[in-house]
Amino acid sequence: MEVLKSKKVLQDFIERQKEMGKKIGFAPTMGALHNGHLSLYEKAREENDLVVSSIFVNPTQFNNPEDLEKYPRDINRDILILENSGLVDAVYIPEVMDIYPEKTESQHYDFDGLENEMEGKSRPGHFDGVGTVVEELFNQVKPDNAYFGEKDFQQLAIIKKMVDKKKLPVKIKGVAIYRAENGLALSSRNQRLQENRREASKIIYETLKKVNDWFRVVTIPEIKERVQDIFDNQQGMQLEYFLIADEDTLKETDFFYKDRNFRAFIVVVVDGVRLIDNMHLD
């Protein structure tokens, strides 16, 4: 596996691969890798000649400087995980200057309102940061296909919107949420939880399964009350928000429409660690 530590080294590598006509699959990460990330590379391996990873903790998508500081970083561990997986041909590890050569600040994007829903309400500018780093990485890596997990469903929708509006030559592929045996969605943040709290947090997935059972049988306002009751009875857990939204617009709904697809979204803070999850509703 090639380890590419500068924009120039990456560009030389990509140019050689393109000259050989190789189809490139790419999944950017912020490190702290786990099996959820590897599931992206498994999918990329199936559909491309060459698989590229990147590891870059993007400062412009953190609203809270403390979150940026606390974000887990262990680059040697991450490289070892990628090497041992046998799924990745090259990993790009840029410096801040490779991504932000002038000022470390975001461009402003219009995502047709997707950025104002859910996460966007409490994290102003977050998705501008996401758009900026992803667009720059696409320009540098020049992938044919790019892979993102559905755990960050809003982020996935926003990247699809950016690619569509800017007519970028890359296909965006969503990959199903990778879950631990107890159902908890894998996340780098899970590392900050004690083992017993990770086990207790399976209630998040169990709640989403109940919501799927209740969907179209119980009214949405009543579903929301039931979800709130569940977490009111969980020690050390705080329900930040739960909602059901249209999968295309991400707008919250209180009614069912036969011709639309809906998804339940949930954010729970467990011992100060913010966990997000979602589920398509059948």
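## A cavity and a helix pair

Phe 62, Asp 67, Lys 70, Tyr 71, Pro 72, Arg 189 and Arg 192 line the second largest cavity of this structure, which is a predicted model. The volume of this second largest cavity is about 50 Å³, and a search of the whole structure finds two cavities of 30 Å³ or more. When the lining residues of the second largest cavity are sorted by kind, three are nonpolar, none is polar and four are charged. Rolling a probe the size of a water molecule over the atoms shows where empty space is left.

The report now turns to a pair of helices, whose residue ranges are set out below.

| Helix | Residues |
|---|---|
| α10 | 203-214 |
| α11 | 220-232 |

How do the axes of α10 and α11 cross, and at roughly what angle? The two axes come within 11 Å of each other and cross at roughly 160°. Because angles over 145 degrees count as roughly antiparallel, α10 is roughly antiparallel to α11. The crossing of α10 and α11 is, in addition, right-handed.

One residue of this helix pair can be described further, namely Asp 229, which is found in helix α11. Is Asp 229 buried or exposed? Its relative accessible area is 45%, and Asp 229 therefore counts as partly exposed, since that class lies between the limits of under 20% for buried and over 50% for exposed. Asp 229 and Arg 197 are 32 residues apart in sequence, while their C-alpha atoms are 19 Å apart in space.

Terms used
Residues are numbered from 1 along each chain as its sequence is written. This is a predicted model: local features need pLDDT of at least 70, side-chain atom pairs count only at pLDDT 80 or more; totals for chains, interfaces and linings use all residues. Side-chain values use heavy atoms; hydrogens and water are left out. Helices (H or I, at least four residues) and strands (E, at least two) are DSSP runs, numbered from the N terminus. Buried means under 20% relative accessible area, exposed over 50%, partly exposed in between (1.4 Å probe, protein chains only). On a 1 Å grid over the protein atoms alone, a cavity is a set of points where a 1.4 Å probe fits but cannot get out, and a pocket is an open set with protein on both sides within 12 Å along at least five of seven lines; lining residues have an atom within 4 Å of a point. Grid points are joined across faces, edges and corners, and a volume is the space filled by probe spheres set on the points. Ala, Val, Leu, Ile, Met, Phe, Trp, Tyr, Cys and Pro count as nonpolar, Asp, Glu, Lys and Arg as charged, and the others, Gly among them, as polar. Axes are lines fitted to C-alpha atoms, for helices over the stretch in contact, and angles run from 0 to 180 degrees between N-to-C directions. Angles under 35 degrees count as roughly parallel, over 145 as roughly antiparallel, 65 to 115 as roughly perpendicular and the rest as oblique. A crossing is left-handed if the near helix is turned anticlockwise from the far one by less than a right angle, and right-handed if clockwise.
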